[in-house]
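Colleague: Could you take me closely through one part of this model, a helix of chain A and what lies around it, and then go on to the other parts you can describe with care?

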Amino acid sequence: MRTTTRAVSVALLALTALTACSSGADDGAAGAGDTASGGACEPAGEPVTLTYTTWIPGIEDVVATWNEANPDIQVEVQTGPNGNGGTYQNFFNQLEAGNAPDLGQIEYDALPNFRVQDGLVDLGACEEVVAAKDQFVDWTWQQVQLGEEDSVYAIPQDAGPMALFYRADLFEQNNIPVPTTWEEFATAAEQVRAAGGYITNFSQADINQFAGLVWQAGGSWFENDGEQWTVDLTNEESVKVASFWDDLIERDLVSTYPGWTTEWDNAYNSGEVWTWNSAVWGANSIATGAPDTAGRWAVAPSPQWEDGDASAGNWGGSTTAVFQGTEHPYEAAKFALWLNTSEEALTALIEAANLYPATTDGAQLPALAEGVEFYGGQPIYDVFAEASEQVSPDFVWGPTMTQVYNDVSDGFSQAITGGGTLTEALESAEGTTVSALEAQAIPVAK
Amino acid sequence: MSSAALPGRRRVSRVAHKRAIAVFVAPFAALFTLFYLLPIAYAVFQSTRVVEREGTFGPPREVFGGLTQYAQALQSSPFWDSIGRVLLFGIVQVPVMLALALVFALLLDSPLVRGRRFFRLAFFVPYAVPGVIAAIMWGFLYSPNLSPFRPLTQSVDLLSAELVLWAMANVVTWVFVGYNMLIIYSSLLAIPAEVYEAARLDGASQVRIAWSIKIPLVMPAIILTAIFSIIGTLQLLAEPQVFRTFSSAVTSTFTPNLLVYSTASVPNVPLAAAFSVLLALATFVLSFTFLKVTQRKAFQ
């Protein structure tokens, strides 16, 4: 008798494990996909309230401006952690439960992932959206069409052209020339190390940054011919980039703090790390993470693979997407267009969050011509404007980027801590990515 | 009960009892079903689903797939690696922690120690610190650059691939020693004074009393704490999750629960559900085996 009671209580305790684990998946039973799809894009004809989830700093003020001018389309904004930091998972759970917000911020690399989960309303039915096409930089529009001629799955918001943030003061004091090629970068890395610093930090967490480097080198990880996907994480360009960093890591010429942590902030703030090859929005990250270094930074174009080349990578950049289940696709699209094309909204976004608009007019806004104090008064956006034009439009994101990032990042972690190389990590992630696509019943070419 | 002792009222009171029991149990039963049994059933249901679609971007449909997800899960090497990792963790950490808890409990219970109330509280305080906060605090203490003990943490990198598991074991031990100590200690307080008196009359020393009387008598409490600890070990989530922000060596599949979490965020919910069910079964089997092996001795 006593044994039975004990056995039962043990069983119950053990089951706690199950409840604890499954709670994330249990937010709701309704499957996405059978909710209203975006066939029609008609105005509601009555006042509506929309919900919008994002992680742009300072977005509340921008939305307040809209709400004041549009009493009939009120927007309630909610902010959260950045996409891969938790917001995407919330979106997936909300879509599964059928209570996603009307609008959400999604980076370009995650759009196919949401498309595959059938989470996005096709705004191709909204005339105003289709008419706005010419306002946007070509490659950003291409990224939101996902290879479908008449579809628009989100409104591009900003781009993340990459350039080299560097400590102008330290480079000058130590007589180290600012590198213009990756070869020079490796040489400079030795000199910086000799001066007691690290030229940059290689973060195993930022696989999208690594993808940006591959993008710059002319590689692409995915291809979709309309019938099936091709996965190629180990193409020539990727291996070139991976070997380059493998070498720097092995020779202890770069630090390897996990990105976006206090350790990482400290490394920049204390002057231990001297450069960051990052996207335009990174300007904001340095200013907040390394406040003690104000005025000592400058921005130069990314180092090139061949002397005289002019290509740039892209890291991040977001879109505003309308989620399946919304009852007001017309109003949602209208707000998204205003947010990402109007002068007042874009100016506010540039000032609050250092966003670099995805529209051609937005890139000419006076707010982008000003010098930035943190960067010694340098008009840094000029550098990024140039980079923006050099970003190749052909980079394709896969439909399971969260998984790709996780798996590559796990492999990179091992490489950094002495088990294997970055190239091996890419090889192994290519295998797991193919299995992940198959698990989602997505056809893969082998 | 007193009312049941009166023969004339027995009938009435039985019915009243049943009603009272139903009323008292109902809130528990409702919550238990809603937040416990249903989610479990749903997780099991989800683990039997597979996704189907047409073309590259066709809408996904979930259909019954039998044990497909379980086959996937059992073939996943990160899954087995993570199980191996927590088992290694448990084999070392649980005995160390419980031994410490037992020693502290015996010291608190021995007449030789002064300041008993102070120490009881002092040992227990870490348990009052939320697990995530404890992990963040220790993460900073271990950090080679931010720690107040930098000479030490820079010469021995506690966050390296070799040591990070034991760095976490230390955090878990720090948090839970006091909690386990309290369970064992309260069981020590329940031992009748006559037993000690008899032992002393027989000339037993304090050490002898601890070894031959106290430890055997609190064995059930120790086993209870051991089972809690085994379950806790298999469920490690907060510590590795927090340590990911301090150490590059902690992967997204470091422990089984972390693996479930990252699988669910792909989102590959059916596979994550299958991992969860397997983990729950493993926890049950392990706890039950432990109980079977130990109970003969302990509950004689």
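Modeller: In this predicted model, helix H9 (residues 207-217) of chain A has 11 of its 11 residues buried, so it is largely enclosed by the rest of the structure. The buried residues run from A:Ile207, A:Asn208, A:Gln209 and A:Phe210 through A:Ala211, A:Gly212, A:Leu213 and A:Val214 to A:Trp215, A:Gln216 and A:Ala217. These buried residues pack against E6, helix H10 (236-250), E9 and H16 of chain A. Just after H9(A) comes A:Gly218, for which the model gives a positive phi of about 95°.

Two of those packing partners, E6 and E9 of chain A, lead on to a sheet. This is an open sheet of 3 strands in chain A, ordered E9-E6-E10 and paired in the antiparallel sense. Its edge strands are E9 (275-279) and E10 (297-301) of chain A, each of which pairs on one side only, and the twist from one strand to the next averages 30°. Strand E6 (residues 162-167) of chain A is joined to E10(A) over 5 bridges in antiparallel pairing, and E6(A) also pairs with E9(A), again in the antiparallel sense, over 5 bridges. A:Phe165 can be followed in both directions, since it stands opposite A:Val299 in E10(A) and opposite A:Trp276 in E9(A). A further partnership between E6(A) and E10(A) is that of A:Arg167, whose bridge partner in E10(A) is A:Trp297. E6(A) is itself mostly covered, with 6 of its 6 residues buried.

Elsewhere in chain A, A:Val77 lies in strand E2 (residues 73-79). A:Val77 counts as buried because 20 other C-beta atoms lie within 10 Å, and 20 or more is what the term requires. Once its neighbours within four places in sequence are left aside, A:Val77 is in contact with A:Tyr52, A:Thr54, A:Ile59, A:Glu60 and A:Val63. For one of these, A:Thr54, the separation along the chain is 23 residues, while the C-alpha atoms of A:Val77 and A:Thr54 are separated by 7.5 Å.

H16(A), which the buried residues of H9(A) pack against, also takes us to the contact between the chains. That contact takes 55 residues from chain A and 54 residues from chain B. On the side of chain A, the elements that give two or more residues are helix H1 (2-22), helix H3 (87-97), helix H4 (111-116), helix H11 (262-269), helix H16 (401-416) and helix H17 (422-439) of chain A. H1(A) gives the most to that side, with 13 residues. Sorted by class, the side of chain A that touches chain B has 22 nonpolar, 26 polar and 7 charged residues.

In chain B, the description can be built around helix H7 (residues 164-189), which packs with helix H4 (residues 116-128) of chain B at an angle of about 125°, their axes being 7 Å apart. H4(B) and H7(B) are therefore oblique to each other, and H4(B) passes H7(B) in a left-handed crossing. From H4(B) the contact draws on B:Phe123, B:Phe124, B:Val125, B:Pro126 and B:Tyr127, and from H7(B) on residues including B:Trp174, B:Phe176, B:Gly178, B:Tyr179 and B:Leu182. By class, this contact of H4(B) with H7(B) has 12 nonpolar residues, 1 polar residue and no charged residues.

H7(B) packs as well with helix H9 (residues 206-234) of chain B, here at an angle of about 145° and with the axes 9 Å apart, and H7(B) passes H9(B) in a right-handed crossing. In this contact B:Asn180, B:Ile183, B:Ile184, B:Ser187 and B:Leu188 of H7(B) meet B:Lys214, B:Val218, B:Ala221, B:Ile222, B:Leu224 and B:Thr225 of H9(B). The residues of the contact between H7(B) and H9(B) divide into 7 nonpolar, 3 polar and 1 charged.

Chain B also has a strand pair to look at. Along strand E1 (residues 49-52) of chain B the side chains alternate, with B:Arg49 and B:Val51 buried and pointing to one face, whereas B:Val50 and B:Glu52 point to the other and are not buried. E1(B) is joined by 4 bridges to strand E2 (residues 61-64) of chain B, and the two run antiparallel; within this pair, B:Val50 stands opposite B:Val63 in E2(B).

Methods:
Residues numbered from 1 in each chain as written. Chains lettered and ligands numbered in written order. Predicted model: local features only at pLDDT ≥ 70, side-chain atom pairs only at ≥ 80, totals over all residues. Pairing = 2+ DSSP bridges. Axes fitted to C-alpha atoms, helices over the stretch in contact; angles between N-to-C directions. Parallel < 35°, antiparallel > 145°, perpendicular 65-115°, else oblique. Left-handed = near helix turned anticlockwise from the far one by under 90°. Contact = placed C-beta atoms within 7 Å. Nonpolar A, V, L, I, M, F, W, Y, C, P; charged D, E, K, R; others polar. Buried ≥ 20, exposed ≤ 12 C-beta atoms within 10 Å, placed from the backbone.
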